[in-house]
Amino acid sequence: MKRLIPIIIILTIFGLKAYSQIEYSRKIETGYLGFQYTMVQVEAGPNWKGYNLNKEQNGIDVNLINGIQFKNKLFAGIGLGYVNFDGINGISVFSDFEYLPLKTKLTPLINLKIGYNHIWNQYKNGTGTALIELGGGLNYRFSEKFGVYLQSGFMITQQTFFIPIKLGLRI
């Protein structure tokens with residue numbers, strides 16, 4: 001019995017790492033957000049100062065995402081991002097889901113982000129809206145834990161429809 005306990009502890013410590021199907025993973029990505037059109041048409045009232053992005057601004061974003069990866073195929077995480085729409089700064093907080101259907105070095109990917117976006121624009125305290133992004137692209141794995149991806153799709157936030165083009169690094 002005295003020998004069994006240290007053996008169980010050693011097998012547990014090394015066995016969990018060797019056979020674990022769930023791993024901690026991180027992503028960092030940057031992207032260009034191409035303005036397409038404003039989705040809401042407003043009849044101007046007395047306190048209206050224009051659309052949230054009133055000059056049809058394109059944008060850029062940088063996102064840091066922490067999460068877990070299951071069998072190197074499914075990723076779920078929480079992200080924090082910085083956005084800039086031609087001088088209008090903001091932040092995003094979102095959940096990120098990604099699916100890589102193949103275990104090959106080059107594989108397609110499907111990505112979904114759902115969250116909140118807040119910008120400091122012409123309104124007092126800025127404006128905040130929901131953020132929805134659906135994308136697809138290609139992922140290249142250099143190793144089991146390190147890869148790079150390129151994706152595009154559509155994003156809806158701040159009453160506006162964007163086409164994002166994103167480049168990311170998976171660590």
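How many bridges join E7 to E8, and in which sense do the two strands run? Nine, and the strands run antiparallel. Please keep in mind that this is a predicted model.

I'll start with that pair and work around the barrel. Within it, Ile156 has Phe161 in E8 as its bridge partner. E7 and E8 form a hairpin with two residues between the strands. Gln158, in that hairpin, takes a positive phi near 55 degrees.

Now the whole fold. Eight strands close into a barrel, and the order is E1-E2-E3-E4-E5-E6-E7-E8. The pairing is antiparallel. From one strand to the next, the twist averages 25 degrees.

On to the closing pair. E8 covers residues 160-170, and E1 pairs with E8 over eleven bridges in the antiparallel sense. If you want to find that contact on the screen, look for Phe35, which stands opposite Phe162 in E8. E1 also pairs with E2. That pairing is antiparallel too and has twelve bridges, between residues 22-38 in E1 and residues 59-70 in E2. Ile22 stands opposite Phe70 in E2.

Next, the E5, E6 and E7 side. E5 is residues 106-119, E6 is residues 127-141, and 14 bridges join the two in antiparallel fashion. Gly115 stands opposite Leu131 in E6. Hold on to Leu131 for a minute. E6 is joined to E7 by ten bridges, again antiparallel. Gly137 stands opposite Gln151 in E7. These two strands form a hairpin as well, with five residues between them.

A general remark before the side chains: in a regular strand the side chains alternate between the two faces of the sheet.

So what about empty space? The count comes to one cavity of 30 Å³ or more. About 70 Å³ of space lies in the largest cavity. Its lining has 14 residues, and the closest to the centre are Asp61, Val83, Ser92, Leu131 and Met155. Leu131 is the residue that stands opposite Gly115.

Which strands supply that lining with at least two residues each? They are E2, E3 at 74-85, E4 at 88-99, E5, E6 and E7 at 147-157. By type, the lining divides into six nonpolar, four polar and four charged residues.

That brings me to the charges. Across the whole structure, the search finds nine salt bridges. I'll go through three of them.

The first one to look at is Lys166 with Asp61, where the closest N and O atoms are 2.8 Å apart. Lys166 lies in E8 and Asp61 in E2, so this salt bridge ties together parts of the chain that are 105 residues apart in sequence. Are these residues buried or exposed? Lys166 has a relative accessible area of 1%, so it counts as buried. Asp61 is at 2%, so it is buried as well. Asp61 is also among the residues closest to the centre of the largest cavity.

Next, Glu98 and Lys27. Their closest N and O atoms are 3.2 Å apart. Glu98 is in strand E4 and Lys27 in strand E1, 71 residues apart, and the pair links distant parts of the chain. Glu98 counts as buried because its relative accessibility is 1%. Lys27 has a relative accessible area of 3%, so it is buried too.

The last of the three is Lys113 with Asp96, at 3.8 Å from N to O. Since Lys113 lies in E5 and Asp96 in E4, the pair ties together parts that are 17 residues apart in sequence. Both residues are buried.

How do these salt bridges relate to one another? Through shared partners, salt bridges join Lys27, Glu29, Asp61, Asp96, Glu98, Lys113, Glu133, Lys166 and Arg170 into one network. The three pairs I went through are therefore not separate items: Lys166 and Asp61, Glu98 and Lys27, and Lys113 and Asp96 belong to that one network.

To recap: eight strands close into a barrel with antiparallel pairing. The largest cavity holds about 70 Å³ of space. And salt bridges that share partners form one network, including the buried Lys166. That's what I have on this predicted model.

How values were computed:
Residues numbered from 1 in each chain as written. Predicted model: local features only at pLDDT ≥ 70, side-chain atom pairs only at ≥ 80, totals over all residues. Heavy atoms only, no water. Pairing = 2+ DSSP bridges. Helix = DSSP H or I, 4+ residues; strand = E, 2+ residues; numbered from the N terminus. Axes fitted to C-alpha atoms, helices over the stretch in contact; angles between N-to-C directions. 1 Å grid on protein atoms, 1.4 Å probe; cavity = no way out; pocket = protein on both sides within 12 Å on 5 of 7 lines; lining within 4 Å. Points joined across faces, edges and corners; volume = space filled by probe spheres on them. Nonpolar A, V, L, I, M, F, W, Y, C, P; charged D, E, K, R; others polar. Salt bridge = Lys/Arg side-chain N within 4 Å of Asp/Glu carboxyl O. Buried < 20%, exposed > 50% of the residue type's maximum accessible area, 1.4 Å probe, protein only.
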